[in-house]
Amino acid sequence: MTTQKVAVLGTGKIGEALLSGMLRGGWSPSRLLVTTRRPERAAELRERYGVETVGNAEAAKSADTLILTPKPQDMAALLDELAPHVPADRLVISGAAGITTRYLEQRLADGTPVVRVMTNTPALVDEAMSVVSPGTHATEDHLKLTDEIFGGVGKTLRLPEGQQDAATALSGSGPAYFFFLIEAMTDAGIQLGLPRDKAHELIVQAAVGAATMLRDSGDHPVTLRENVTSPGGTTINAIRELENHRVRAAFIDAIEAARDRSRELGG
């Protein structure tokens, strides 16, 4: 941490979350570089975090580790810009959905260590789940540094790269599924006569409590669900309607569709 210089390229929401997490974790602003497309965004980051903002080529020359956070469709152009300036001893971490380590390795100097990471938006509140997969030339030291960086904004989990598309569908996109569910439940509360703010507060606290029980109890979700489901009660009536509308099957289909799209983006 004391000698590494890290550059975050394409500092949007996730990039800024990583940046702020590293600073909270003890990284000195003098060891961090950021790149952005817009000058006003660069000025904002300099003012907020005291870090240096540079161009992509300068970041590639100066930093020991490069964290690439563009949209998948912008990765090819970014690599074309970076490739002439990235020596083979640089660690390159990619946070773009669907982009394989092999794709990056083919466009960078031979032997460049590459690590693929899929994180998610709870990085903004230090509750991210970041899935880490090494490329051909990444060592345990490279993985430890990656864990250190992304561990500042939540948990990390190492998986083989072949499981990254599935992890993207479950975890990378996962927060959106919960937000969608909360939105639907809030609408139901309003239909039942509750004010929107009260319905929202009830549902969010139920979600926080349920998530905490799942994390801390060690019980299977079926057990926790059955503990709420009394014979002939309100909950079993609701569960019956969810099953009648194939909600479980719809979630499985949706997550498979997200997995397939991640594969397409990689292509």
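This report describes the nonpolar cores, one buried threonine and the aromatic contacts of a predicted model.

**Nonpolar cores**

The largest nonpolar core comprises 26 residues. Within this core, I67, I93, V115 and I149 have the most contacts. Helices and strands both contribute: α1, α2 and α6, together with β1, β2, β5, β6 and β7, each provide at least two of its residues. A further core of 21 residues lies apart from the largest one, and A7, L33, L79 and L104 are among its members. In soluble globular proteins, nonpolar side chains tend to be buried together.

Leaving aside residues up to four places away in sequence, V115 is in contact with L91, V92, I93 and S94, and its other partners include V132, S133, L143 and T146.

**The environment of T112**

T112 occupies the loop that connects α5 (101-107) to β6. Its relative accessibility is 1%, below the 20% cut-off, and T112 is therefore classed as buried. With residues up to four places away in sequence excluded, T112 touches P87, A88, R90, V92, E105 and H137.

**Contacts with a stated distance**

The table sets out a polar contact of T112 and a charge placed over a ring.

| Group | Partner | Distance |
|---|---|---|
| T112 side chain | A109 backbone oxygen | 2.6 Å |
| R107, over the ring face | Y103 ring centre | 3.7 Å |

**Aromatic rings**

The structure contains zero aromatic pairs. The ring of Y103 nevertheless has R107 lying over its face.

How values were computed. Residues are numbered from 1 along each chain as its sequence is written. This is a predicted model: local features need pLDDT of at least 70, side-chain atom pairs count only at pLDDT 80 or more; totals for chains, interfaces and linings use all residues. Side-chain values use heavy atoms; hydrogens and water are left out. A nonpolar core is a set of buried Ala, Val, Leu, Ile, Met, Phe, Trp, Tyr and Cys residues joined through side-chain atoms within 4.5 Å. Buried means under 20% relative accessible area, exposed over 50%, partly exposed in between (1.4 Å probe, protein chains only). Helices (H or I, at least four residues) and strands (E, at least two) are DSSP runs, numbered from the N terminus. Contact means heavy atoms within 4.5 Å. A polar contact is a pair of N or O atoms within 3.5 Å; within protein, one must be able to donate a hydrogen and the other to accept it, and residues adjacent in sequence count only if both atoms are side-chain atoms. Rings of Phe, Tyr and Trp (its six-membered ring) pair if their centres lie within 6.5 Å; planes under 30 degrees apart count as stacked, over 60 as edge-to-face and the rest as tilted. A charge sits over a ring if NZ of Lys or CZ of Arg is within 6 Å of the ring centre and within 35 degrees of the ring normal.
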